[in-house]
Amino acid sequence: MSKPIVLKPVTSINDIAPSDWKELLLHLPEAERTNPYVQYEFLKALEDTGSVSRETGWQPCHLAFYRQNGCEKSNYEKDSAEGEPEEGCGALVAVLPSYIKAHSYGEYVFDWAWADAYQRHGLEYYPKILTAVPMTPITGPRFISSLSMKETPALINAAIEWLEQNQMSSWHINFVNETVAKALGNKPLLRRHDIQFHWTNRGYDDFQQFLSSLKAKKRKNIVRERKSFNVTDSEWSFEWLDGNSATVEDWQLFDQMYRNTFDKKGGWAQLSQDFFPSCAQAMPEQTLLLFAKRQGQAVAGAFFMRSDSSLYGRYWGCFEDVEFLHFETCYYQGIEYAIKHGLKYFEPGAQGEHKLPRGFMPVFTHSLHYVSHPQFRNAIEYSIEQEDSWLDIRYQDYLKHSPYKD
């Protein structure tokens, strides 16, 4: 008979040994093991640079599960989120990267209406617990575990008991893969969907072959948009750098672009100035920076990350508004990079119907939610059902407007 498993939330990833984390990654499907956003180094960079913290409304609270080995203290005590795992708790068997949230910024699975409803009824929606990667709408592993799927409901029940004892309104698990969503998206978790637009490499030899797979009108529009940036004597050039080749000055320049773009839009640049170079130093092969230069002067840039099979576009910034420059920097250059390096997928971020005519096809994303308040849970479940019906109609309509010949 196997020893029981205990939940010991930890308030810093530094309280988990990197070797234990990496060992758990080996139990993931091969295609998910190199996802950059669940690597120990990425999440550590977020914490060490202050991009996520109690002060920013992203208090780390990773749900760590240990195979019991002499732990006598209850694993569900109310103050268990305030300390390190107790010595003698045995081997780490699962971890869910999680955060206690004081707001809903940087999540990309929008629950502002839920929070507003709570407030209008005199109830507190925050704090809540979020299992996700901060500021990253990328599907990936959320249960980093050596356990079987059959054992996962026990982890869910333990987490729910813990959050109830800590008086949190809800638990949200964002951007899980479809297999996990289907397996766990039943009571007590509500399953929710949204739509993103992803690009798939169909074995293209080059960008021209990709263009040839598109309908004539879409192909001509892309050629027109790229014309200013791709002629032989163009004043424009594009420079790809990785964590090894990008200098501290390069990252400082991109950080200025990143903040300038958020400032113009009245947004909140949640990543600290130290995050980009820290991430590049910790994950040099997976961290990418692209500069768009006019006459040798960088006027725009984009931050990407990659796995063994996928390219992920994340942040963009610019000093000047130039027509089609965003599409070239964030989409077309990314497609060319994916083709050149034999990557199968390119995920450019959340939302964006404008991506469809540029070769990005609709895909469903999935999230799971637990709501403590029974009446609100029923209302939210009904709302999700209505939302799903609308999303299905949108998805079918997107397919009808596919830019591809076949």
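**Chat about Asp206, His369 and α4**

Me: What lies 2.8 Å from a polar atom of the Asp206 side chain?
Reply: The backbone nitrogen of Gln209. That fits a polar contact, meaning N or O atoms within 3.5 Å, where within protein one must be able to donate a hydrogen and the other to accept it, and residues adjacent in sequence count only if both atoms are side-chain atoms.

Me: What sort of model is this?
Reply: A predicted one: local features need pLDDT of at least 70, side-chain atom pairs count only at pLDDT 80 or more, and totals for chains, interfaces and linings use all residues. Side-chain values use heavy atoms, leaving out hydrogens and water, and residues are numbered from 1 along each chain as its sequence is written.

Me: Where is Asp206?
Reply: In the loop between β9 (190-200) and α6 (207-212); helices (H or I, at least four residues) and strands (E, at least two) are DSSP runs, numbered from the N terminus.

Me: Is Asp206 buried or exposed?
Reply: Partly exposed, at 38% relative accessibility; buried is under 20% relative accessible area, exposed over 50%, partly exposed in between (1.4 Å probe, protein chains only).

Me: And how far apart are the C-alpha atoms of Asp206 and Tyr337?
Reply: 9.7 Å, though the two are 131 residues apart along the chain.

Me: Switching to His369, which strand is it in?
Reply: β15, residues 361-371. His369 is buried, with 1% relative accessible area.

Me: What does the His369 side chain make a polar contact with?
Reply: The side chain of His172, at 2.8 Å.

Me: Which residues in α4 are buried?
Reply: Among them are Leu155, Ile156 and Trp162. Helix α4 covers residues 152-165, and Gln167, which follows α4, has a positive phi near 55 degrees.

Conventions. Expected span 1.5 Å × (residues − 1).
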